[in-house]
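Biologist: I'd like to learn how to read a model like this one. Can we go through it together?

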Amino acid sequence: MRTFLIWVTIAIILVLNYNIERYVLEDIQIITAIGYDYMEDDTMRGTVAAPFYPQGQDVKPINASFTASGHTIHSIRQQFQREAQRKLASGRLQSILVNKDLAERGVKKVVDSFGRTTFIGRDTKLAVVDGSTKKLLTSNYPNAQNLSRYLSDLLEESIVRMAPNTGLHSFLSQMEGFGQDPFLPLLKREHDHIHYVGLALFKDEKYVDSLSFREGYIFKMLYENFKYGIYEIKYKDTYISIENLRSKVKYNISGSSTRPVVTIHVSLEGKVQDAYGVPLHTQKRIRKVEVEWEKETLEKAEKLVRKLQDIGTDSLGIGEKVRSHFRHFNKSSWESLYPDVQVRIKIKTNIINTGIVE
Amino acid sequence: MLPLPSEDKKVSPYLAFYIINSMQIGIVVLSFERFLVKEAGQDAWISVLIAGVATHIILWMTFQITIKGENDIAVIHKDLFGKWIGGLLTLLLITYLMTLFIMIMRAYIDVIQVWMFPHLQTWYMAFVLAILVYLYFTGGFRVMVGLCVLSFMLTIPLLMLKAFPLKSAHLSYLLPVMEHSPAEILSGAKKMSVIFSGFEVVLFCYPFFKQGIRAHKWAQLGAAFTTSVYLAAVLVSLLYFSEGQLEKTLWPTLTLWKIVDFPFLERFEYAGIAIWLFVMLPNLCLYIWAVTRGLKQLFSIKQKKSILFLLLLAIIASSFITDGVQIRNFSATIDRISFFILFAYIPFIYLYQWIWQKVRKNK
Amino acid sequence: MRRNKRSSSAFHSSEIGKLIDQCCKSADFVTFQLKDSPFFISYFQTLVDKKVLHRDILTILKDKQFISLEDMKHAIQVEDLVLTTELSSVKQKLMQGNIIIYQQEAQPSCLLIPAFLQENRQVSIPETEYSVVGPKEAFVESLDTNINLVRKRIPVPEFQIKEFSVGKLSKTRVAVAYIEGIADEENVNTVIQRITDIGYDQIIDSSFINQMIADNKNSPFPQLVDTERPDRVASVLMEGKVAILVDGSPSAITGPATLGEFFSAFEDYVTVWNIASAFRLIRFLAITFSVLSTPLYVAVLTYHYEMIPQDLLTTLISSRAGIPFPPLLEAIILEWTIELLREAGARLPTKVGQTIGIVGGIVIGTAAVQAGLTSNVLLIVVALSALASFTTPVYQVSNAIRLIRFPFLIFAQLLGLLGVAACTAIVVAHLLKLKSLGRPFLEPVYPIRLKDMKDALIRLPFNQQTSRPLQTRTDNKIKFRPHSSPPDKRDIDE
């Protein structure tokens, strides 16, 4: 009996004293996308998309968004709550957008805040927007019922085929790590659609330049192994498009730690998709296309690397690779060394098949 | 001095594997990389290996002390140093273990407060943990060892989650090997060896092994397994985080769990922290068990009585530590004491006992 | 005549006489004097087989004149005749359906003729432990029949039965069965000791014994296996366990048991080992699912919405938008409804029970969802977890499984996932402390006995099952020595 009473007391203590904040699924409004625009000086304007589910059975969400401005991420968040009908919860945040003007002035205060809080997932997508994020997040899109779903699908499923995979983790890791600079997809609202424009290049935390959609694709080729997408090459007076089946990249470092030489080996395997007017029935002709493909790609790649070196952003992470090659590498001199580092690119192409017709 | 435990209270020697393993793996696994990387950078994994080897030696000494003394440390102290000084040493040792108990309890609550429930009061969670510890404690040593075994089985699948971050691993983060000087690597190892502590409990639970000498082999295996777990953890963190990032990350393992992505479950850290309860419980139980054993040896206080007092003390003490900085300072202090206990005190007792026995034999 | 009267009054003051007088107050007690002889016959007509009385007793007594009971004993062709003057044995035998013949005298000696009327149910198909293939005999309410069912499966003299009479009023026959030389003496002695210590007045069923001799009487988990299958009993006896059979109960108890044993069906042994192992694992998974699914639902929906993947989140929100209750209340209401259906179904005859099941399952379920009282996701979860809880082959444990879900729900509400973990820790503590006849209940998981794993979570093929479980502490560990054949060295197609 005594033990029983003791346990009852304990149970009562436990039940009466718990005060953990609850996030009951239907009583919260889940923020799925958030955008920040530059206003003036230290002020930012934040816009959140938080779909609202009305009462009822099998309801469809209503696009709801709130806008507020302030100095820090969290003070802005509190402002949103002034308008929202339910408790805003950011745990399922899918995409974070930053306006280009803000990105030029540095995104650290945005990203650091998201990297610090425990609620945000590590694979949350980041993107830079050309234009106002408010406009992008509050417009209606005819091809999607749910805006935030459209945005996150675009960033997660679609762009990965053309641009290297990015996210909160990779951004933080590139920003904090030595010898690499972050990059993000650049989006724009155009013709009632969200449009992937290219890659936004950062130097540390600041936006410096962008790559076009095609350059971005070459960048991806130099950056990681992958297997999607189309290469279009000009062959004689027609155009041939080759589907990328397998693309592999390997970095070789040689030279000395003060004069490193970087060689990038890329091997491409492809399948001819469009080849109107080009007969491709002999090994020799195919070989010719391969050579042309190699030449054009090499040209583009060299131009791209040159551009990166000129603007001084090491988005490919060459610095990290050089550091890992030389023991006791002098990290402080890298900054000045980078623009003049010799980068050689070797490309090997291979057309595996030409479809089911000659 | 207590009589040796009866045969039905003893456990088989192979269970030493689980005891050592679950005592060594605790709350620090979630956060140890940071200290290590600050010292040894990408060579941190070498520090782990060195510390692992050092642990094996100290563990060997620990077992030698108890095998020669054929009883727990309280009795050995008394034999070696007499009633008063020996008693004082035992008292200091159990005070240390009690502080460890409070520290890891508070550290776990801190993880919960930071990651899951910022509003959770410290005393509330400490109370819940105390109840759980009490439930296992009343089952006796055998039940606590059973908890070690079950927690080992429950938490071993967590190791598989390390596969997720490997998808975005950068091999170059590990290179070049031996970039850091041996001194830096050794100072990393020093940090690490503290993390391997926990096997001091053997000093108290040795009499509870059937054939204690055979238990030694299993204990060494357990320690080796722990080293491999830490090694895996540190390697994955090094591969996933860039160095600058890892130095700033307080709980790398939990951050890694964030990217675990099952079709039915994301953000594994919440589940992970909950499952981590099963890693914490054997730690908490055996530490406080060792303390109550010590108190019983010294003052003949019944374990049934002393446990209630100690748990109450732990709840009160842990609610006085209020913020993260305090916890980190506290744990840094404990780390220094741990290092002293492991690498000064245990070798000292070992040598002293060795000489003492030689002298006695010559008489 | 006078002498008669005197002896008659002396008889009525004797102890046996008093017993007869006491019994005469009952309407079904018959006493009459044989014609032309000094002998009286008494019996309970409700307990006595009329056939035996008329054919074997009355005809003989009519034909001949006997002088003494001793003569009579030799003439009557019924086994187990006892001639005694002892009150206690007369009392006991009378209650067990014996006919007594005696003279009305001061020191009466009685001839006890067993003529018990067996009202027996036929041996029929097992209902709670039904299996599609394999033997289809189940225990009935008669102890002798039950022992017969077991003994015919173990035709060795080492198979022994120790019988006890338990219960101050019910005087139930309780038999402890074991195989000498295989079963551990200590286990047998523990069982016998605990049975003889029972002081309760009535033992109606074997489950009474089960609860009374359990190591922890407050545990929701049964610590001894309760089975209605004689084949199962025989098989565990041959592993070295002890069985307890109770007269009047169609189920036997076997022990020492382990938690794993409650999840092993006899069917596991009649199907191929890999299929059987797969089913056993499915059963374990089902139980885990059954206990944890609703608490996890409550925990995740109340505290950890971040853990739900995006696609699932949309489904969950749109099914939950507009539900007036918090997840905990919703879950408790639904769980309670399912328990209600089960209770109602169990109390009603099979046909009606089925109807209730359909009405409850389909009508209430759909209506509740359409009325917006519960979400259809939870309805699926609860229904599945209820279904999963019925996969346990031993009925008693499925009750435990369904009961422990409720504390889990409360903990999930208090501390979210951490609460679920804490409650699991409590259950694990309880299981670790549990013992079955003094042997660890969680074996072979703790203490780890790899040898016993061959028939725990999985069942290995028969040629691997060479030893008896270590759990039983048997001295005779070897089941059989496998026939080792030399490896086939021929190549393919040779």
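Modeller: Let's go from the overall build of one chain to its domains and then to the chain contact. Keep in mind that this is a predicted model.

Biologist: Fine. How many helices and strands does chain A have?

Modeller: Chain A has 11 helices and 14 strands. Its C-alpha atoms fill a box of roughly 90 × 55 × 55 Å along the principal axes.

Biologist: And what share of chain A is buried?

Modeller: Burial is a matter of counting neighbours: a residue is buried if 20 or more other C-beta atoms lie within 10 Å of its own. In chain A, 38% of the 358 residues are buried.

Biologist: Which domains is chain A divided into?

Modeller: There's domain 1 (26-213) and domain 2 (225-358). Taken over C-alpha atoms, the centres of these two domains of chain A are 32 Å apart.

Biologist: How many residues of each are in contact?

Modeller: For contact, look for C-beta atoms within 7 Å. Here 13 residues of domain 1 of chain A are in contact with 15 residues of domain 2 of chain A. On the domain 1 side, β9 (193-203) and β10 (206-212) of chain A each supply at least two residues, and β9(A) has the largest share, with three residues. That side divides into six nonpolar, three polar and four charged residues.

Biologist: Now the two chains. How many residues does each give to the contact?

Modeller: Chain A gives 21 residues and chain B gives 22 residues. On the chain A side, α1 (2-17), α7 (168-176) and α10 (318-325) give two or more residues; α7(A) gives the most, with four residues.

Biologist: What classes are on that side of chain A?

Modeller: Five nonpolar, nine polar and seven charged residues make up the side of chain A that touches chain B.

How values were computed:
Residues numbered from 1 in each chain as written. Chains lettered and ligands numbered in written order. Predicted model: local features only at pLDDT ≥ 70, side-chain atom pairs only at ≥ 80, totals over all residues. Contact = placed C-beta atoms within 7 Å. Nonpolar A, V, L, I, M, F, W, Y, C, P; charged D, E, K, R; others polar. Buried ≥ 20, exposed ≤ 12 C-beta atoms within 10 Å, placed from the backbone. Domains from an automatic or database assignment.
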